[in-house]
Amino acid sequence: MFGIVTTRTVAALSARVAHMFGIVTTRTVAALSARVAKLEGLSDSVAILEHLVHTSNEKAIALHKEVTSLRDQVAELEAPPPIQGLPGPPGAVGAAGERGEQGVQGAQGVPNSSYATDNLNVRVLRERCPALREIWPPEGNASSWEGVTVGDLGDKGTRRVVNLNLSGKMRGAVEVPEELWALTALTSLLLESSQLTDLPAEIGALTGLTRLSLNSNQLTNLPAEIGGLTAL
């Protein structure tokens, strides 16, 4: 009798221990699995963030290089022409001496400025204004961009940027990049619906303007140089 009771009791206790051990083990494994899955998810998120940061840095570096290149090109065009060499003393047969190097084409803001210079200035204008980068593609010629009009000047047919419509295109810009004031052939300039708070004295260089619109901005005063734009 004692042996039977003991055997049954031990068997019951063993069953209970096995049952309890199985529950504890199952719960523990499930909890560990959930934590591992969560850690894997966090690892994936970190990897995605690292990729985004790396991509953003690459784009920023590429944009900086493009702006630097454009500035260098503008600087080359703005460089004064080399002084033309003087004729050498006449030789035995009266031949003139060697002449100096031919001067380069004039830089922006002078009468012999070209469309190449205007094109560079408009492209730098795009790089300096984030809103313009969204609507003006980096490829192609500036004459194909929305709001940019190229025309012929004078009898020689010199091509220049003559009309620039930036109304509503610069959005929250509070100032205009300085490259705009180098577009000296402009006859029409529209700068409506921005947040401009000031205009520089350099606007006085746009002596050919016949139309200037500054509506819907935050301007409280205008530079005195606007008074010199007699064609308005």
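# Questions on a predicted model

Colleague: In what order do the 4 strands of the open sheet lie?

Modeller: This is a predicted model. Its 4 strands make an open sheet with mixed pairing. The order is S1-S2-S3-S4.

Colleague: Which are the edge strands?

Modeller: An edge strand here pairs on one side only. That holds for the strand at 148-153 and for the strand at 211-213. From one strand to the next, the twist averages 25 degrees. The edge strands are S1 and S4.

Colleague: How many helices and strands does the chain have, and in what pattern do they follow along the sequence?

Modeller: The chain holds 3 helices and 4 strands. Read along the sequence, the pattern is α-α-α-β-β-β-β.

Colleague: In which sense do S1 and S2 pair, parallel or antiparallel?

Modeller: S1 and S2 are joined over 6 bridges. One bridge partner pair is Gly151 with Arg160, the latter in S2. The sense is antiparallel.

Colleague: And S2 with S3, parallel or antiparallel?

Modeller: Strand S2 covers residues 158-165, and strand S3 covers residues 188-190. They pair over 3 bridges. Asn163 has Ser188 in S3 as its bridge partner. The sense is parallel.

Colleague: Which helix lies across S1 and S2?

Modeller: Look at residues 115-128. That helix runs at about 30 degrees to S2. The helix is H2.

Colleague: Is Val124 buried or exposed?

Modeller: Val124 lies in helix H2. Buried means under 20% relative accessible area. Val124 has 2%, so the label is buried.

Colleague: How far apart in space are Val124 and Arg71?

Modeller: In sequence, Val124 and Arg71 are 53 residues apart. In space, taken C-alpha to C-alpha, the distance is 7.2 Å.

Colleague: Which residue meets Arg160 in a salt bridge?

Modeller: The N to O distance of this salt bridge is 2.6 Å. Arg160 lies in strand S2 and its partner in helix H2, so the pair ties together parts that are 42 residues apart in sequence. Both residues are buried. The partner of Arg160 is Asp118.

Colleague: How many salt bridges are there in the whole structure?

Modeller: The pair of Arg160 and Asp118 is one salt bridge. Arg159 with Asp152 is another, with the closest N and O atoms 3.6 Å apart. A search of the whole structure finds 7.

Colleague: Does Asp152 count as buried, partly exposed or exposed, and what of Arg159?

Modeller: Exposed means over 50% relative accessible area, and buried means under 20%. Asp152 stands at 53%, so Asp152 counts as exposed. Arg159 has 41%, so Arg159 counts as partly exposed.

Colleague: Where does Glu178 lie, and which residue forms a salt bridge with Glu178?

Modeller: Glu178 is in the loop between S2 and S3. The salt-bridge partner is in helix H2, 50 residues apart from Glu178. Their closest N and O atoms are 3.7 Å apart. The partner is Arg128.

Colleague: Is Glu178 buried or exposed, and what about Arg128?

Modeller: The cut-off for exposed is over 50% relative accessible area. Glu178 is at 54%, so Glu178 counts as exposed. Arg128 has 34%, so Arg128 is partly exposed.

Colleague: Which residues are linked with Arg128 in a network of salt bridges?

Modeller: Arg128 forms a salt bridge with Glu178. The network also includes a second Glu. The residues linked with Arg128 are Glu178 and Glu179.

Colleague: Which residues form a nonpolar patch on the surface?

Modeller: Together they have about 310 Å² of accessible area. One of them, Leu52, is in helix H1, which covers residues 2-78. Leu52 is at 47% relative accessibility, so Leu52 counts as partly exposed. The patch is formed by Ile48, Leu49 and Leu52.

Colleague: What share of the chain counts as buried?

Modeller: The chain has 232 residues. Its accessible surface comes to about 15,000 Å², with 59% of that belonging to carbon and sulfur atoms. The buried share of the residues is 27%.

Colleague: What share of contacts join residues at least 24 apart?

Modeller: Take the contacts in the chain between residues at least 6 apart in sequence. Among these, the share that join residues at least 24 apart is 40%.

Key: Residues are numbered from 1 along each chain as its sequence is written. This is a predicted model: local features need pLDDT of at least 70, side-chain atom pairs count only at pLDDT 80 or more; totals for chains, interfaces and linings use all residues. Side-chain values use heavy atoms; hydrogens and water are left out. Two strands pair if DSSP finds at least two bridges between them. Helices (H or I, at least four residues) and strands (E, at least two) are DSSP runs, numbered from the N terminus. Axes are lines fitted to C-alpha atoms, for helices over the stretch in contact, and angles run from 0 to 180 degrees between N-to-C directions. Contact means heavy atoms within 4.5 Å. Patches are made of residues with over 30% relative accessible area and no salt bridge: like charges are joined within 9 Å, nonpolar side chains (Val, Leu, Ile, Met, Phe, Trp, Tyr) within 5 Å. Accessible areas come from the Shrake-Rupley method with a 1.4 Å probe; for residues, only the protein chains shown count as cover. A salt bridge is a side-chain nitrogen of Lys or Arg within 4 Å of a carboxyl oxygen of Asp or Glu. Buried means under 20% relative accessible area, exposed over 50%, partly exposed in between (1.4 Å probe, protein chains only).
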